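Biologist: I am new to this model. Please show it to me, and explain each term as you use it.

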Amino acid sequence: MFRDLLHRFLLPQLLLIVLPLVALAVVAGIQLSGGGGGPVGPVVWCAILGCVLATAVSALLAVRFLRWHLRAVSDQISAAVPAVAPKYPDDYSTLLDQIARNLVDLTAGASKDQAQLLTIISSMSDGLIAMDHEQRVLLTNDAAADLLTFRTPDARGKQLWEIVPLDGVLKAVTEVSLTGRRKTIPVGPVNGRHLDVTVTRLPLRPAGFIIVAHDVTETMRYEELRKEFVANVSHELRTPLTVIKGYVETLQDGVLDDRPRAMQFLATVEKHTEQLTNLVNDLLSLSRLDSTNAVPSPRPVHLARVAQRVAELMAPAAEKKRHKLVIQLADGLRPVIGNPEYLERAVTNLLENAIKYTREDGLIKLVLRAENGHLLIEVIDNGIGIAPSDLPRIFERFYRADRSRSRDMGGTGLGLSIVKHIVQAHHGSIEVQSALGSGSTFRLRFPAAPAAHEEPAAAGDAPAGGSASPAANADAGGAAA
């Protein structure tokens, strides 16, 4: 730039000024040396005129040079950043002002875009690391530090191996740098989480790299649950089908003529057929609950009516084991918004389990009360209880604390899972307290309906207060009366 300025402007200006002065000095020297006796005045005036003309020419050249220089700068900026300088300015005197304003606008826009990009990257749930060709970190986000367990909080400018202590990731970056192909690898568990890490080569000069870490822990958990569910369903179907097939083959081999034994075998076949039917029905119920987050046909439901109806339905089973079934319903209970059939199914499952897993002559309570704007249904028994190690898993599908006992009693292992789904679909919660040998308490909590949904109890409905009925505190034989 300086050399071009020297050749195009400074040297011509100096020549134009120096040459008249040199000519003046030469002529004056000749006149004064005696070679000529003429006056010196005309020579001086000629020299002065030459200097004036040289100055004028210099000024003209300076203006032309400045205009050329502005045009050259404009062309260079336009070629480098087309959006900054106009290609055909009307007035070159204002060109630099236009370029300055455009540069300010572009800088502000670039700063805004950069801030937006950094905000987006920092809010990503996936971890991101950008590196140069030497695997030096240029950019990262908080998710990457959390998922990949950075060794240092300040990762920018450091080598990848200094901050990511995972051999699989480092090998993947090296492989991508050699092949140029994108690579995804599983990593984990890292702090209890499983990751899918993708390494991509950036088309830069020289090339860089992008690492994206995605948390797939939940996906893997669901996949494990799916596999476990399929295995459990296959096992639950195979067991009764094997028994049914064996007894049918025995009947076909001639036992059918032995009526007492044939009736005994048919009763066993009927029992396992009923177990299969219950399993299929429970699977269909779970499928319907999984397919939607909302209950069908929601409306105000009085839980006192639901509790009384369930007690009446389960009274014969309680009476068979000589249980004392007690119903306690609080006064002035508001309804809940939900589906009465679903709510009845949830309470029935809990009460049925209480009857099954309580020894003969046991005590079972069905309690309905209000608490802090919610309605609570409690099923309390003094049965065999649940071990502390089993409590966290009792709501899983097909999980049984005592598999042999549950299967002998006709359970499918889906009852509590269905209860949990029904309660969640009604925006409620479920709790359980239990101890081995001391019994269990299952507590369902539902939000009460607003006052606008209040409706009077119909004639013939179960009473909504006190102890449900004169038979409520009686034994199982009168609890359903």
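**Helix packing**

Modeller: Start with α9 and α10, which pack at about 35° with their axes 9 Å apart. Axes are lines fitted to C-alpha atoms over the stretch in contact, and angles run from 0 to 180 degrees between N-to-C directions. This is a predicted model, in which local features need pLDDT of at least 70, side-chain atom pairs count only at pLDDT 80 or more, and totals for chains, interfaces and linings use all residues. Residues are numbered from 1 along each chain as its sequence is written, and side-chain values use heavy atoms, without hydrogens and water.

Biologist: What makes the crossing of α9 and α10 left-handed or right-handed?

Modeller: The sense of the turn. The crossing is right-handed if the near helix is turned clockwise from the far one by less than a right angle, and left-handed if anticlockwise. α9 passes α10 in a right-handed crossing.

Biologist: Which residues of α9 and α10 meet?

Modeller: In α9 they include Leu303, Val306, Val310 and Met314. In α10 they include Leu343, Val347 and Leu351. Contact means heavy atoms within 4.5 Å. By class, there are twelve nonpolar, one polar and three charged residues. Ala, Val, Leu, Ile, Met, Phe, Trp, Tyr, Cys and Pro count as nonpolar, Asp, Glu, Lys and Arg as charged, and the others, Gly among them, as polar.

Biologist: How do α10 and α12 cross?

Modeller: Their axes come within 9 Å and cross at roughly 145°. That crossing is left-handed. Tyr342, Leu343 and Ala346 are among the α10 residues in the contact, and Leu416, Ile418 and Val419 among those of α12. The contact has eight nonpolar, three polar and one charged residues.

Biologist: What makes α12 mostly covered?

Modeller: Nine of its eleven residues, 415-425, are buried. Buried means under 20% relative accessible area, exposed over 50%, and partly exposed in between (1.4 Å probe, protein chains only). Leu416, Ile418, Val419 and Ile422 are among the buried ones. α12 is followed by His427, whose phi is positive, near 60°.

**Two loop residues**

Biologist: Why is Asp361 called exposed?

Modeller: Its relative accessible area is 51%, and the cut-off is over 50%, so Asp361 is exposed. It lies in the loop between α10 (340-356) and β9 (363-371). Its phi is positive, about 65°, although it is not a glycine.

Biologist: Why is Arg322 called partly exposed?

Modeller: Arg322 has 48%, which falls between 20% and 50%, so it is partly exposed. It sits in the loop between α9 (303-320) and β7 (324-329). Its phi is also positive, near 60°.

**The sheet**

Biologist: In what order do the five strands of the open sheet run?

Modeller: β2-β1-β5-β4-β3, with antiparallel pairing. Helices (H or I, at least four residues) and strands (E, at least two) are DSSP runs, numbered from the N terminus.

Biologist: How do you know that β1 and β5 pair?

Modeller: Two strands pair if DSSP finds at least two bridges between them. Five bridges join β1 (127-131) to β5 (208-215), so they pair. Ile129 stands opposite Ile211 in β5.

Biologist: What makes β2 and β3 the edge strands?

Modeller: Each pairs on one side only.

Biologist: Why does Thr198 count as buried?

Modeller: Its relative accessibility is 13%, under 20%, so it is buried. Thr198 is in strand β4 (193-202).

Biologist: What makes the Thr198 and Thr184 pair a polar contact?

Modeller: Their side chains come to 3.0 Å. A polar contact is a pair of N or O atoms within 3.5 Å; within protein, one must be able to donate a hydrogen and the other to accept it, and residues adjacent in sequence count only if both atoms are side-chain atoms. Thr198 also touches Ile210, Ile211 and Val212, among others.

Methods:
Lists of a residue's contacts leave out its neighbours within four places in sequence.
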